Amino acid sequence: MSTDAIQGLAQHDEVAPPIAPRMDPDPLTGPSFAQRMSDGLREVNQQLLTTQVDLQKLAVGEPVPLHELMIRLEESRISLQLMLQVRNRVLEAYQDMLRMQV
Amino acid sequence: MDYLQTFAISAAGMAVERTRVETAALNLAQAHTAQSADQPAFQPLRVVATGAEGFGGLVRAGLESVPLPSVTVEPSGVPARLVHDPGHPLADGRGFVAYPGVDPAREMVTLLGATRAYEANVAAMNTARTLALKTLEIGRST
Amino acid sequence: MPTRVESVTTAALAAALDAAARRQSLSAANIANAGTEGYVPLRISFEAKLEDARGVVREQGRIDANGLALLQELAESLPEPIDAMASVQLDAEVAELARNAVQFQVLLQGVSRHLALLALAAADGRK
């Protein structure tokens with residue numbers, strides 16, 4: 001059974017796709033880990049800000065496409081959760097390193 | 001489209017249908033009222049519902065601002081129905097009594113059509129409401 | 001007032017919820033009085049001023065103190081008759097009831113998820 005027909009559905013994504021992870025093939029010349037962390041942080045922050053503005057528009061009565069709002073809310077929640085998990089892991093790794101006996 | 005606007009659209013449609021029903025009921029009620037010489041004659045009323053622009057304009061505008069139907073009630077200008085009844089107190093010189101030119105069959109058909117259209121508008125509104133409430137369930141804990 | 005996290009959005013949504021609840025009880029009162037002699041249906045007629053707040057949100061990209069104050073005024077404003085000779089139109093009132101109920105649900109979901117986001121951040125990712 002070919003899945004080509006199902007691939008065609010991907011062309012109908014009207015909602016902005018979620019933040020895709022960057023797969024940099026070359027770890028030596030690509031952006032540093034710190035750079036990637038701060039980029040990711042900035043993107044999550046931007047998404048949260050957009051969500052807040054959408055909610056404010058909703059409160060004032062400005063027309064907001066409801067399905068986009070709900071999807072963006074859920075994406076914000078998931079990306080915030082992911083960011084917090086990454087931060088927790090990084091902190092744990094750092095603490096592990098601090099505990100190492102020289 | 002703004003989900004709130006769909007309610008306004010359905011409400012406007014229901015108002016049009018309700019006006020149709022009221023007009024038809026009024027016409028039927030007045031169908032057999034004889035008209036005397038010193039009273040202004042009752043003209044059966046007709047409802048004229050117009051959309052603000054044609055369908056082409058709607059498609060061009062892209063459903064951003066949807067024109068709502070507007071309704072005016074005006075006399076239909078149908079000539080009076082003359083019935084020969086010399087003994088009637090309101091008969092004119094030639095023995096004819098004038099009744100409003102109301103066609104009961106047409107009014108009944110209008111009533112049926114307006115009822116169905118009203119129900120259709122209610123169905124549209126209920127569907128819009130269900131869709132909006134379902135949209136709220138996106139991301140609800142599974 | 002102590003500064004709270006993201007209090008603007010929370011306050012705006014809370015004021016909108018207040019307004020929606022008042023509109024709901026007003027619509028119900030209109031319907032209940034449909035058969036009352038001489039009753040004129042009431043509405044909260046503040047909507048025109050809200051248009052200013054909406055314009056601000058459109059231009060500046062977020063609500064400001066004025067817009068928030070307008071919204072809170074709306075939640076406390078008195079209802080007025082639509083016009084002196086109007087009578088209760090049942091289908092319009094029921095449509096308003098349905099519209100308002102959906103609006104209330106949407107605002108409720110918005111507040112609930114917004115606060116859940118804040119709680120997630122405050123709990124450090126651990127529940």
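## How H3(A) crosses H4(C)

In this predicted model, the crossing of H3(A) and H4(C) has a left-handed sense. H3 spans residues 66-99 of chain A, while H4 covers residues 90-122 of chain C; their axes come within 10 Å and cross at roughly 10°. Angles under 35 degrees count as roughly parallel, and H3(A) and H4(C) are therefore roughly parallel to each other.

Which residues in H3(A) and H4(C) meet? From H3(A) come Leu66(A), Leu73(A), Ser76(A), Arg77(A), Leu80(A) and Gln81(A), and they face Val106(C), Arg113(C), Ala116(C), Leu117(C), Leu120(C) and Ala121(C) of H4(C). Sorted by class, this helix-to-helix contact of H3(A) with H4(C) has 8 nonpolar, 2 polar and 2 charged residues.

## Chain A against chain C

Stepping back to the contact between the chains, chain A contributes 19 residues and chain C 27 residues. On the side of chain A that touches chain C, helix H2 (33-60) and H3 each supply at least two residues. H3(A) gives the largest share of that side, with 9 residues. The residues of chain A on this side divide into 9 nonpolar, 7 polar and 3 charged.

## Chain C against chain B

Here the contact takes 10 residues from chain C and 12 residues from chain B. The chain C side is made up of 5 nonpolar, 3 polar and 2 charged residues.

## Confidence in chain B

For chain B, the mean pLDDT is 81, with 83% of its residues at 70 or more. Which elements of chain B have the lowest and the highest mean pLDDT? Helix H2 (residues 55-61) of chain B has the lowest, at 59, and helix H3 (residues 104-135) of chain B the highest, at 93.

Methods: Residues numbered from 1 in each chain as written. Chains lettered and ligands numbered in written order. Predicted model: local features only at pLDDT ≥ 70, side-chain atom pairs only at ≥ 80, totals over all residues. Contact = placed C-beta atoms within 7 Å. Nonpolar A, V, L, I, M, F, W, Y, C, P; charged D, E, K, R; others polar. Axes fitted to C-alpha atoms, helices over the stretch in contact; angles between N-to-C directions. Helix = DSSP H or I, 4+ residues; strand = E, 2+ residues; numbered from the N terminus. Parallel < 35°, antiparallel > 145°, perpendicular 65-115°, else oblique. Left-handed = near helix turned anticlockwise from the far one by under 90°. pLDDT = per-residue confidence, 0-100.
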